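Hello,

Here is the structure we talked about handing over. Please open it first, then read the notes below.

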Amino acid sequence: MSNPLLDLSGKLPDYPSVKPEHVSPALDTLLASSAAAVAAAEQVQNPTWASFVEPLDAALEKLSLAWGVVAHLESVVTTPELREVYNANIARISNFYTELGQNELLYAQYKLIAASAEFASYNAARKTIIEDTLRDFRLSGAELPEAQKQRFAEIAEELSELTVKFGQNVMDATDEWGLYIEDIAELDGLPQDWLSAAKSAATADGKTGYKVTLKQPSQGPVMQFCSNRKLRETVYHANATRASEFGPEERDNGPLIKRIHALRTEAAQLLGFNNYGEESLATKMADTPAEVAEFLRNLGHGAKPFAAKDRAELKTFAKEQLGLDELAVWDYGYAAEKLSEAKYAFSAQEVKAYFTEPTVLSGLFKVIESLYSLRFVKASAPVWHPDVNYYALQNLDGSAVGGLYLDLYARTGKQGGAWMNDVLSRDRKGEELQNPVALVVCNFSAGVDGKPALLTHDDVITLFHEFGHALHHLLTEVDESGVSGINGVEWDAVELPSQFMENFCWEWQVLPDLTHHVDSGAALPRELFDKMLAAKNFMSGSGMVRQVLLSLFDMELHASTDAIDAAMQNAALVAEFEMPVAPSYNRWFNTFSHIFAGGYAAGYYSYKWAEVLSADAYSAFEEAAATGKSILDPATGARFRKEVLAMGGSRPAIDSFTAFRGRKPEVAALLRHNGLN
């Protein structure tokens, strides 16, 4: 039987055919062939792009693609067998790439190319790839003495295992908790689609009544809509103590946080940095942790008075209208929803009934067609779950641009959250062009009782956000995979296209095409939209301060070399920004997968950093609309595509932004969009 993980180059992976027993044999073969390719590359005389870079990249791509498929499946359809074989291979994959990054002979070959006469003839993409590769060799320890190289490799291997374990602990702690409720009166305030889904979940477990879980589509509405304060507290406690010392010892992420921090610090200092924060910024737009902290504190302290006003209004309302003399942290979401309904005369559930998933997708596709003269067409491809759909992205003349997998619903064995990832990158080999392919994963509630899935407006914003990432990858016009699409883009600029797309969710010209009432079929009424718009910046001061707190927690942790106390660090930031004090058992940082299991370590600030860029970029469309053009102005869209989306990582992100806007970014648009100006 052939192994579906072998030779994936240029092909859509055969996801359903991949079994746990395929993984280790495929990696045996691919690691051996990769090692052989490395050995051959080491011996190339007078290395050039054609004789050295291309053949080495082609060989290594096969390993990267195969491991990417395995890692993806482990995150979206994991099983005990798949997890076991995935975990068993983490160390040798990590060791291979660590040794590759420290290979002095390869490093010397790239330096020869950079010093060659041929280098001057390279286009911007190829020059960037060579320069970035030399930088990455240095950051991988290629210039370290042999003993330190060994220690660096040991750290890299352990970090790979610990960060994976962190994410798996979060998933398992989320999946294992469930609460079955028989009396529907205890669920007062929860919408009918939630009740139907909870009943189906209980039935699937062989139980009666309703099942509450910690998956976002279940616990989120409980915290926002359920009038049962005791249930809200129960769910809050369960959510806040996930993967902590209050559960099974083997799933406690507290010790992992300390160890991950210590290892990152040690590795950074081996490379000559003072701390991991400095190392992380070596590949980003921002220069120093101090610069990032100043940026964040300027935003946070500017928003702090607005956040204080938000809380004062909420406490007064809760006391006078809800009978809550003391507003506990598990009351905030519920009280905020009730206050929003009172102030703006609509509820999130009323809005949700209009956002049926098929209509939202159709409307999103229409936005993309209007902006970029493109269309998504459902197509056939092997998928990892029956809920997944595949779309071909085409120009309006039918010519191929790329492809996109879409996996929208929450389920057991799937990591929470939403993300985009690349499957294939645009790459040209002679006359043959490999088109890019991406995937978008979300965790929305599926439809129940024969009705389509209903999305909250926040869900719609999330979907637009992830499509922004996907378009960044798919609309590249760079032919070198190392800097095409999202590859090579500075981490603190990668959120620019995603946050940019969110703005269209608030445009009246767009909203009617996104909405179709689940019962009546009517589009969203203008009156309801106006209420949504009036409520857009409700509690925005609190939201801004919360994001600043998360970002400072991340950067200050990684800019410190001291043994960390995450709870103490969090408490100091809560006090600085006068945020609500959570119960002492709250361990939210034990589930902060972005920085302890993902790629956002000392980089979570990039959401706010890039939001300045995205808000300012979107203001170009607002300026076009002010002259009587459409907010979906195709001429402005074509410029954004050409100067930002098409360029990938082939030039610095600030150069792409400046080419589009004609000037450096300004913070005014961000403050205006958040009602904080």
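**Phe 166 and its surroundings**

Phe 166 is buried, with a relative accessible area of 0%. Keep in mind that this is a predicted model. The residue belongs to helix α6, which runs over residues 146-176. Setting aside neighbours within four places in sequence, its contacts fall in two stretches of numbering. Asn 253, Leu 256 and Ile 257 are among the residues that Phe 166 touches. Phe 589, Asn 590, Thr 591, Phe 592, Ser 593, Phe 596 and Ala 597 are also in contact with Phe 166. For a sense of scale, take Phe 166 and Ser 399. They are 233 residues apart in sequence, and their C-alpha atoms are 43 Å apart in space.

**Aromatic pairs**

Two of the residues that touch Phe 166, Phe 589 and Phe 592, turn up again in a ring cluster. Ring pairs join them there with Trp 491, Phe 553, Trp 588, Tyr 600, Tyr 604 and Tyr 607. The full count is 42 aromatic pairs.

One pair to look at is Tyr 15 with Trp 384. The geometry is edge-to-face, at 4.9 Å centre to centre and 80 degrees between the planes. Tyr 15 sits in the segment before α1 (20-42), and Trp 384 sits in the loop between β3 (374-379) and β4 (389-395), so the pair ties together parts that are 369 residues apart in sequence. Are these two residues buried or exposed? Both Tyr 15 and Trp 384 are buried.

Phe 96 and Tyr 97 make another edge-to-face pair. Here the centres are 5.3 Å apart and the planes make an angle of 80 degrees. Phe 96 is buried, at 12% relative accessible area. Tyr 97 is partly exposed, at 31%.

**Nonpolar cores**

Which residues touch the most other members of the largest nonpolar core? They are Tyr 372, Leu 463 and Phe 504, in a core of 138 residues. Helix α12 (residues 289-321) gives the most to this core, with ten residues. Apart from this core lies another, of 59 residues. Its members include Trp 49, Phe 96, Leu 134 and Tyr 390. So Phe 96, buried at 12%, is a name to carry over from the ring pairs.

Back to Phe 504. Leaving out neighbours within four places in sequence, Phe 504 contacts Val 367, Leu 371 and Phe 464, among others. Val 510 and Leu 511 are also among its contacts. So are Tyr 618, Phe 621, Ile 631 and Leu 632.

**Cavity and pocket**

How many cavities of 30 Å³ or more does the structure hold? The structure holds one. The space in the largest cavity is about 80 Å³. Its lining is made by His 472, Val 489, Ala 493, Leu 496, Pro 497, Val 644, Gly 648, Ala 653 and Ser 656. By class, six of these are nonpolar, three are polar and none is charged. Helices α17 (496-502) and α25 (653-661) each supply at least two residues of this lining.

The second largest pocket has a volume of about 1000 Å³. Its lining has 40 residues. Ala 197, Ala 198, Ser 445, Ala 446 and Val 448 lie nearest its centre. Helix α6, the one that holds Phe 166, gives two or more residues to this lining. So do α7 (192-204), β2 (210-213), α8 (216-225) and α14 (348-352). The most comes from α7, with nine residues. The lining has 19 nonpolar, ten polar and eleven charged residues.

**Positive phi values**

Two backbone spots may be worth opening in your viewer.

- Met 539 has phi near 65 degrees, a positive value in a residue other than glycine. Its place is the loop between α19 (526-534) and α20 (540-558). Met 539 counts as buried, at 16% relative accessibility.
- Ala 602 has phi near 50 degrees, again positive in a residue other than glycine. Ala 602 lies in the loop between α22 (593-596) and α23 (606-626). At 0% relative accessibility, Ala 602 is buried.

Best regards

Definitions and conventions: Residues are numbered from 1 along each chain as its sequence is written. This is a predicted model: local features need pLDDT of at least 70, side-chain atom pairs count only at pLDDT 80 or more; totals for chains, interfaces and linings use all residues. Side-chain values use heavy atoms; hydrogens and water are left out. On a 1 Å grid over the protein atoms alone, a cavity is a set of points where a 1.4 Å probe fits but cannot get out, and a pocket is an open set with protein on both sides within 12 Å along at least five of seven lines; lining residues have an atom within 4 Å of a point. Grid points are joined across faces, edges and corners, and a volume is the space filled by probe spheres set on the points. Helices (H or I, at least four residues) and strands (E, at least two) are DSSP runs, numbered from the N terminus. Ala, Val, Leu, Ile, Met, Phe, Trp, Tyr, Cys and Pro count as nonpolar, Asp, Glu, Lys and Arg as charged, and the others, Gly among them, as polar. A nonpolar core is a set of buried Ala, Val, Leu, Ile, Met, Phe, Trp, Tyr and Cys residues joined through side-chain atoms within 4.5 Å. Buried means under 20% relative accessible area, exposed over 50%, partly exposed in between (1.4 Å probe, protein chains only). Contact means heavy atoms within 4.5 Å. Rings of Phe, Tyr and Trp (its six-membered ring) pair if their centres lie within 6.5 Å; planes under 30 degrees apart count as stacked, over 60 as edge-to-face and the rest as tilted.
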